[in-house]
Amino acid sequence: MTDTSTQSGPMLAADGTPLKKSLARALRLQKMRALALIAPLLIFVLVSFVIPIGSMLFRSVENGSVAETLPLTVAELQNWDATSGELPDEALYAAFTTDMVAAIEAKKHTRLGSRLNYEHTGMSSLFRKSGRQIKKLDPAADAPFKDKIIDIDKKWGDVETWQVIKTHSVKYTNGYFLNAIDMQRTVEGAKAQPEDKQILIKLFQRTLFMSMVITVSCILLGYPVAWLLANLPARTANVLMILVLLPFWTSLLVRTSAWKVMLQQQGVINEVLVWLGIVADDARLVMINNQLGTIIAMTHILLPFMILPMYSVMQTIKPTYLRAAKSMGATNWTAFWRVYFPLSVPGIGAGSILVFILSIGYYITPEIVGGTKGVFISNRIAYHISSSLNWGLAAALGTILLAVVLVLYWAYDKIVGIDNVKLG
Amino acid sequence: MKTKLTALAVTTALVAPAAIAEEMTIVSWGGAYSKSQLKAYHEPYSEKTGVTILNDDSSAEAVAKLRAMDEAGNVTWDVVDVVAADAMRLCDEGLAMEIDADTQLAAAPDGTSASEDFGDLLVSECFIPQIVYSTTFGYRTDLVGDTAPTEICSVFDLDAYPGKRSLEKRPINNMEWALLCDGVAKDDVYDVLATPEGQDQALAKLDTIKDSVIWWSAGADTPQLLADGEVIMGSTYNGRLFSVIEEQKQPVAMLWDAQVFDLDGWIIPAGLSDERKARALDYIMFATDTQRLADQAKYISYGPARKSSAPLVGQHAELGIDMAPHMPTDPENAKNTFLYNYEFWADYRDDIDAKFQAWLAK
């Protein structure tokens, strides 16, 4: 009791400052030091991960090029009723001429043509060819323009041309996302793409389905291997471990090409089967350039990602549990199924997440062994990045893929629980 | 892969001490093609000027990479080898510099201006043609039966030539061949292909062989498939087939019928500093003159883009065989040809490609 009466004021540290304050300062210092320690990593992650992904997400809605290249035209188009079916008036053609002359000067008109060609076939050459003629017009002296422009190319007299420009003149567009789910932006709002151009949703479904199949086959093949690794004497286990890791250290392309040699119709497996007389020479199995090829090659490539987490979880399961179960009368199967398996589930969970997420974004292996039915959505993304240069659509596809992964991760957390995932 | 010609540059620097140590990065396709350029262009150029040439084998992704470099404001390439369609695309995007053929390229030895010497092959303001190559078919002489195929429609004839064939996994060329073999006259092919009905017609024709096709995406695939006997015929670039036939001595022969000519050449990226631009133009002036273009044909079976180079084409540097009969432009091989329609495909590529891919996935 006497203690409390003597120290009724705030507790003081040795130097006379209140203890609370002094403690907070020490903690703050510690936090700063910790922050300084992780700063390199933090900056690295920001620069190499967050910023690129952010800019990718942004690209999928960004659409400044129309309004930047044709600012006066876009302003004039606001006064034009796109659904009226009538051509815009002279004021618009005059604004368009002024814009185009400036754009041609800056060599930006053909870039706009390529942008609009993604939405409407023919825009690319329309802008390129008309550019050579419009260049000769003088926006100040040559009015009126309407007939002259339509003379240069009769497509400028099509309502549709102007509809396309107006539809895609907004600064931020949902057009790329609509394209990414087989729809398109039109004057009358969002519409489905013609049936013979619909492919992306199908590819998304195929990617998810095949990734699922690959994950399951990795579990089925990996589980016994991991079990063996965890239960064999250390020496034998180490040798086996090297066999698991060896393909891991081999180049991805080499392994994929090796599968090509194995699986093709004149390949090793077919040759052996024909030689053994199991398969007729004219009825060789088709195991590559289809879904089966992709599943086989990718299962092989991703298998270590399944085995390693399973193995490290299984190592922590004590053999005494199984013995205890058996001593109480459980059969081998019951002991495994009721005791061992539930304990190994966190390893399966971790492996499955790794394999599934890796396979969903796989590109090179499906491209080489997938033929036409075994390619993924990432192959389309690659096409739009490097070949068609439609980066907006590629970004939209990538964003959707990212969202799908996050949703699945969330669902996994809800169903299985993310705490129930262990890497060892 | 970056090969430095440093040793060469060092020796030349010793010979010509006035030359400053300069470098330029030239982008190309790699493999045998880059080697032919190294021998015919880079080595003589380095010897002449002392400029060190760095090679970058990124031509396949050149368009996307140049765009990314341009956006980052740091273009590190000086001269880029691209196909004509990509050159057009780069020109449209404002990523390649416009070239005035008559002032910036060498005239022919007899004084013919460069624009006349290259003629129609100057398909874009930014494009400096180098070679004419073709996409054509090769077939296995031992797997096609007694009558070897002589015309393009054999590809669609499963009765006479049962077995797999390989086609490129894109609509370009395949659609034209399909229409041609479905009774469309050669002159009408692109008019027909511009209509949705025509596109359906081409896909319907391709449908008849769809189950027997292996689709390729890399130029090396068909030669490999032919060598393995996986396919009995397949399309690829004529230079690849030349090397399968003449260098690897595989039982393969060329079917030149309805080969599609395409062009490959140089572009100079837009926005280079004056110094680098001057160097790039100097290289281009040297590397695309009449003799240099003819020299390249000693190492690879692609036709020089200049009319004046054709008579100078000699023998293969290592095999010692006459190269003229292996050129896609040789009159014997060029009886029935197509020229890649750049304007058409620049417009229709996005649209037809979407349809083609949807058809493939069906």
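This is a chat between a trainee and a mentor about a predicted model with chains A and B.

Trainee: What should I know before I start?
Mentor: This is a predicted model, where local features need pLDDT of at least 70, side-chain atom pairs count only at pLDDT 80 or more, and totals for chains, interfaces and linings use all residues. Residues are numbered from 1 along each chain as its sequence is written, while chains are lettered from A and ligands numbered from 1 in the order in which they are written.

Trainee: How many residues does each chain put into the contact?
Mentor: Chain A puts in 29 residues and chain B 26. Two residues are in contact if their C-beta atoms, placed from the backbone, lie within 7 Å.

Trainee: Which elements of chain A give two or more residues to that side?
Mentor: Helices H6 (109–117), H7 (123–134) and H19 (377–386) of chain A. H6(A) gives the most, with 5 residues. Helices (H or I, at least four residues) and strands (E, at least two) are DSSP runs, numbered from the N terminus.

Trainee: What classes of residue are on the side of chain A that touches chain B?
Mentor: There are 4 nonpolar, 17 polar and 8 charged residues. Ala, Val, Leu, Ile, Met, Phe, Trp, Tyr, Cys and Pro count as nonpolar, Asp, Glu, Lys and Arg as charged, and the others, Gly among them, as polar.

Trainee: Back to H6(A). How many of its residues are buried?
Mentor: 8 of the 9 residues are buried, so H6(A) is largely enclosed by the rest of the structure. Among them are His109(A), Leu112(A), Arg115(A) and Asn117(A). A residue is buried if 20 or more other C-beta atoms lie within 10 Å of its own, exposed if 12 or fewer, and partly exposed in between; C-beta atoms are placed from the backbone.

Trainee: What covers those residues?
Mentor: The cover includes H3 (65–69), H5 (90–105), H7 and H9 (159–167) of chain A. It also includes H4 (84–92) and H14 (342–361) of chain B.

Trainee: New topic. Which residues touch the most other members in the largest nonpolar core?
Mentor: Ala87(B), Leu90(B), Ile267(B) and Ile284(B), in a core of 160 residues. H15(A) gives the most to this core, with 14 residues. A nonpolar core is a set of buried Ala, Val, Leu, Ile, Met, Phe, Trp, Tyr and Cys residues joined through C-beta atoms within 7 Å.

Trainee: What is Leu90(B) in contact with?
Mentor: Leaving aside neighbours within four places in sequence, its contacts include Val63(B), Leu66(B), Cys126(B) and Ile267(B). A second, separate core has 23 residues, including Val74(A) and Trp156(A).

Trainee: You mentioned H15(A). At what angle does H13(A) pack on it?
Mentor: About 135°, with the axes 10 Å apart. That makes H13(A) oblique to H15(A). Axes are lines fitted to C-alpha atoms, for helices over the stretch in contact, and angles run from 0 to 180 degrees between N-to-C directions. Angles under 35 degrees count as roughly parallel, over 145 as roughly antiparallel, 65 to 115 as roughly perpendicular and the rest as oblique.

Trainee: Which residues of H13(A) and H15(A) meet?
Mentor: Leu252(A), Thr256(A) and Trp259(A) are among those of H13(A), and Ile296(A) and His300(A) among those of H15(A). By class, the contact has 6 nonpolar, 3 polar and 1 charged residues.

Trainee: And how do H2(A) and H20(A) cross?
Mentor: At roughly 115°, with axes that come within 7 Å. That makes H2(A) roughly perpendicular to H20(A). Met56(A), Leu57(A) and Arg59(A) are the contact residues of H2(A).

Trainee: Where is Met11(A), and is it buried or exposed?
Mentor: Met11(A) is in the loop between H1 (2–6) and H2 (19–59) of chain A. With 10 C-beta neighbours inside 10 Å, Met11(A) counts as exposed. Its C-alpha atom is 53 Å from that of Phe58(A), 47 residues apart along the chain.

Trainee: Which bond is cis?
Mentor: The peptide bond that joins Ala143(A) and Pro144(A), with omega about -5°. Pro144(A) is in the loop between H7 and H8 (146–152) of chain A. Most residues other than glycine have a negative phi, and most peptide bonds are trans.

Trainee: What is the phi of Leu389(A)?
Mentor: About 60°, a positive value, although Leu389(A) is not a glycine. Leu389(A) lies in the loop between H19 and H20 of chain A. With 22 C-beta neighbours inside 10 Å, Leu389(A) counts as buried.
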